[in-house]
Amino acid sequence: MWIGVLGPVVVRVDGAEWDAGPPQQRALLAALALRRGVAVTADELVADVWGGAAPDSAVAIVQTYVSGLRKRLGKAAIVSSGHGYALVGAEVDAVAFEDAVATAQQARAAGDQETAAGGLRRALELWRGPALADLPGPGAERHRLALSGRRLAVQVERIELDLELGRHRELEPELRVLAAESPFDEHLRALLITALYRSGRQADAIAAYHDCRRLLADELGVDPGQALRDLYARIVRADPGLTPDVPPSAPVPRQLPAPLALFTGRDEVLERADALLDRPSPMIVFAGMGGVGKTTTALHWAHRVAANYPDGQLYAELRGYGDEPPATANDILDRFLRALGSPIPADLDARAARFRELTTGRRMLVLLDNAVTADHVRDLLPGPGDSLVVVTSRGTLPELAVRAGARVVALHPPGHDEALAMLAARVGADRVRREPAAARDIVELSGRLPLALSVVAARVAGQDHLPLSRFAAELSATHGTLEAFGTTEAAIDVGTVLSWSYGRLEARTAEAFRLLCAHPGPDLTVEAAASMLARPAAETRAVLRSLVGAALLTEHLPHRYAMHDLVRAFGRETSAGRGDDERRPALRRLLDHYVHTTTTAAKRIFRSIHLAEPEPAAPGALIPDPDPRAWFDAEHPALLAVFDVAEREGGFDGHLWRLAWALRDYLNRHGLWHHLQVSQNRGLAAAERSADPVAQGHSLWGVALAESNLGRHAAAEQHLRRALDIFTAIGDHQQTAVTDYRIAYVLSNAGEFEDALAHGLRMLDARPPGAGTAHRARVLNLVSDHCVQLGRFAEAAGYAREALDLAGDHGPFWRADTWETLAAAQSGLGDNEAAEASYRRSVALYRELGADFLAATTLRASGDAWRRAGRDDRARTAYREARELLPACEDPRAPNLDAELVRRLAATSPAKTLPEH
């Protein structure tokens with residue numbers, strides 16, 4: 001975990017930027033980060049975040065913020081003690097800044113000004129703008145002032161060192177800016193005057209002194225201090241002691257190629273690279289798949305930081321991928337040594353040693369483009385000092401991390417807006433504005449891969465008389481292939497560029513790549529890949545690592561691997577002509593893996609008694625036993641995606657309806673109703689193709705649930721009546737009873753509470769105590785809810801308590817639902833404290849299940865109950881807690897609920913003002 005406070009507050013967890021929440025929560029996190037692991041009391045945090053304007057519930061809000069941060073960062077990140085809270089285990093840029101300054105000052109004390117100046121320069125490069133720039137509150141302002149003062153002090157110290165090292169000509173612009181910002185700082189004025197004088201500009205130095213003297217007299221009525229007057233006297237008499245001896249300079253090569261004129265975007269990548277410059281002798285590897293823009297990004301960044309490396313820049317194209325032979329270290333060192341004005345030794349070892357000798361202690365930038373392995377760059381690394389080495393490669397070159405401490409900046413295809421800006425830069429912003437929909441299609445159909453986008457953009461720019469929609473239609477017609485991205489020049493032909501990576505694979509790895517290209521989801525796990533390959537998990541991990549090293553896969557999350565659409569298209573084209581012998585058995589094993597594991601997870605998290613066991617899995621399919629909540633959260637996008645490929649291939653109807661069945665409750669509980677509707681309809685179609693009445697009956701339940709959620713209650717009831725006929729015809733009394741329960745649920749959703757209650761009571765009569773405990777418990781909760789809706793609160797409370805008293809583990813969702821129903825009944829009876837306790841038990845269960853939207857709706861109900869009781873203060877607390885849960889919710893209903901809560905807070909606020917967002 002990395003936290004940046006030297007600029008706007010930024011949090012990165014495992015390299016990915018994370019939203020730290022609303023401003024006050026970010027202010028609290030910054031306050032903890034700046035204490036360097038020291039415990040901070042809740043009262044101190046309240047003072048930091050709100051000062052004298054803290055609300056009455058500030059301590060409770062602090063606790064909520066801490067809970068929210070722990071949920072994302074891990075409980076161990078913020079520890080509690082008797083004294084308050086402390087942030088542990090995080091890297092903080094302000095701490096790194098002070099550590100770098102301390103190291104530099106040690107070097108200065110030892111007489112090593114060059115190392116000291118370099119260390120202070122790297123420390124200052126950690127700043128991204130004014131400290132805590134986006135935070136409110138008195139604490140943030142206090143810290144901001146202190147940090148700004150510290151930054152200026154270090155900047156002045158670095159300038160003093162640069163003056164000692166003879167870099168006076170480079171310092172004038174910086175010193176003029178600082179003098180303008182602090183016009184009465186005589187020390188800054190003295191440094192500016194000294195830099196001017198040492199640059200041979202005695203008259204300008206004297207004029208700068210008189211400017212300062214007049215300013216002090218006019219504004220403050222004082223004369224310059226003794227130190228500034230003494231400096232002026234030495235300048236007037238041309239004191240030779242003011243001009244130190246500067247050693248003669250070595251040749252300063254400038255080999256960087258010109259950057260791409262149309263470069264745009266990549267701000268996040270450039271910021272990540274900037275953040276790595278705080279390390280001594282940094283080495284940075286820009287890594288990513290072919291065509292992702294490694295070279296253009298690295299070159300642009302190298303030009304951006306080149307001024308920090310005054311001893312020159314060296315560049316080499318290593319030709320690691322392509323039709324030409326790779327460049328040799330001998331040839332590259334020959335060019336490097338000539339640029340440095342050195343004789344050329346005969347053999348490689350002597351050349352590498354001479355290169356290290358010449359670069360030791362210097363501050364240079366070396367860009368090595370298109371490396372394949374660490375050995376490819378081993379002899380091209382400079383000697384010890386403050387040089388920066390930048391390497392681009394399709395692989396991450398882990399050997400460089402071990403041998404030289406290299407850090408990786410991984411490049412992925414840019415986001416949609418960034419890719420759209422790239423297109424606009426090449427074809428014209430006006431054309432993009434005129435046809436926004438077509439421009440969006442071009443970007444997405446190009447996979448947002450910069451190389452593919454450049455190929456298309458070149459065609460579009462060359463035919464400015466044609467509309468963008470014409471090119472979008474061409475891309476759409478060839479989607480899933482590389483046809484639209486071919487050129488006569490190999491270096492920019494997408495298929496050729498990808499083939500250079502594929503061609504380096506061993507035969508078994510190439511076979512695995514072709515099979516994995518049949519996976520339809522956004523990403524896959526080791527177990528899913530092992531199922532497709534019919535190989536052990538350990539062997540599969542090695543294969544995946546090889547494909548990541550070849551930049552044909554990315555491990556975009558721990559143990560989750562993603563493939564770019566155009567890489568997948570390349571793999572499918574490469575597989576063409578090999579028949580179904582490889583692909584279809586792999587797909588069968590993948591579907592077995594997904595159906596079996598999803599069924600097990602659904603039974604565990606929803607305690608469903610209605611999921612039949614799937615057919616036995618094919619040999620080679622792995623069936624893990626994961627945490628069910630984590631399985632659904634991580635895998636549901638892939639589970640939904642396999643419907644397409646299974647339907648297209650045909651013959652997998654049993655897998656399809658079972659998968660839809662197992663997904664149903666998760667999609668429903670998390671508000672993913674569009675996916676629920678589509679998956680259940682496809683499951684029903686598969687069940688009907690299979691002519692299996694049991695499959696059809698269960699699939700009709702899922703379709704009815706989706707219809708009811710969308711307000712189409714009559715259609716939902718019709719589907720359930722059809723299911724009831726099926727189960728009655730085959731004599732399945734258990735499923736008949738469950739279908740009756742679902743009919744009552746639909747009647748309730750339709751607002752027909754009297755009919756729903758009557759239906760529910762008939763079910764209770766049919767299942768007296770002791771008969772079917774799990775089913776009776778669910779019916780009791782449903783009947784209790786109907787009684788609440790009809791104002792029969794005492795009966796509702798009785799039914800809910802009986803449900804909760806039933807022995808057996810009927811599932812945490814059911815228990816959370818029932819506690820909420822009991823709370824509503826207790827509130828209706830006027831027992832507000834009991835209702836609050838029941839609501840809180842429901843909220844805790846929902847939060848344990850990751851169902852934060854349901855927890856928020858329960859908190860809203862709690863707030864409404866307190867509002868009816870005339871306790872607006874407690875209502876506001878519940879509403880605020882509900883809002884805190886919503887930012888992380890994927891539920892599509894979350895924005896509407898948030899708007900409702902804002903209105904409720906406004907209505908219960910003493911000042912009747914809208915709360916801060």
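Start by selecting strand S7, residues 283–287: both of its faces are covered, with Met 283, Val 285 and Ala 287 buried on one side and Ile 284 and Phe 286 buried on the other. Buried here means under 20% relative accessible area, with exposed being over 50% and partly exposed in between, using a 1.4 Å probe and protein chains only. Strands are DSSP runs of E with at least two residues, helices are runs of H or I with at least four, and both are numbered from the N terminus.

A word on the model before moving on. It is a predicted one, where local features need pLDDT of at least 70 and side-chain atom pairs count only at pLDDT 80 or more, while totals for chains, interfaces and linings use all residues. Residues are numbered from 1 along each chain as its sequence is written, and side-chain values use heavy atoms, with hydrogens and water left out.

**Around S7**

Keep S7 selected and add strand S10, residues 388–393. The two pair in the parallel sense over 5 bridges; strands pair if DSSP finds at least two bridges between them. To see one of these, pick Met 283, whose bridge partner in S10 is Val 389. Now add strand S11, residues 407–410, which runs parallel to S7 and is joined to it by 4 bridges. Here, look at Phe 286 and its bridge partner in S11, Val 409.

**S8 and S9**

Next, select strand S8, residues 313–317. How many of its 5 residues are buried? The count is 4, so to speak of S8 as mostly covered is fair. Bring in strand S9, residues 365–371, and you get a parallel pairing with S8 over 5 bridges. Glu 317 is a handy residue to click on: its bridge partner in S9 is Asp 369.

**A three-stranded sheet**

Go on to residues 524–525, 554–557 and 560–562, which are S12 and S13 and S14. They form an open sheet of 3 strands in the order S12-S14-S13, with antiparallel pairing. S12 and S13 stand at the edges with a single partner strand each, so one side of each has no neighbour in the sheet. Between S12 and S14, which run antiparallel, there are 2 bridges. Select Leu 524 and you'll find its bridge partner in S14, Tyr 561.

**Two buried residues**

Jump to Arg 121 in helix H5. Is this arginine buried or exposed? Arg 121 is buried, with a relative accessible area of 12%. Show its surroundings: leaving aside neighbours within four places in sequence, Arg 121 is in contact (heavy atoms within 4.5 Å) with Arg 158, Asp 162, Arg 167, Asn 308 and Arg 363.

Then find Leu 135, in the loop between helix H5 (113–124) and helix H6 (138–164). Leu 135 is buried too, with a relative accessible area of 7%. Try a C-alpha to C-alpha distance to Pro 23: they are 6.0 Å apart in space and 112 residues apart in sequence. Not counting residues up to four places away in sequence, Leu 135 touches Val 9, Pro 23, Arg 26, Ala 27, Ala 30, Ala 140 and Arg 144.

**Helix pairs**

Now for helices. Select H26, residues 583–606, and H27, residues 628–649: their axes come within 10 Å and cross at roughly 140 degrees. Axes are lines fitted to C-alpha atoms, for helices over the stretch in contact, and angles run from 0 to 180 degrees between N-to-C directions. H26 and H27 are therefore oblique to each other; under 35 degrees counts as roughly parallel, over 145 as roughly antiparallel, 65 to 115 as roughly perpendicular and the rest as oblique.

Move on to H31, residues 713–729, and H32, residues 733–749, whose axes come within 9 Å and cross at roughly 170 degrees. That makes H31 roughly antiparallel to H32. Among the residues that meet are Leu 720, Leu 724 and Phe 727 in H31, and Ile 743, Val 746 and Leu 747 in H32.

Finish with H39, residues 872–885, and H40, residues 894–908. Their axes come within 10 Å and cross at roughly 155 degrees, which means H39 is roughly antiparallel to H40. For the side chains, show Arg 876, Tyr 879 and Arg 880 in H39, along with Asp 898, Leu 901 and Leu 905 in H40, which are among the residues in this contact.
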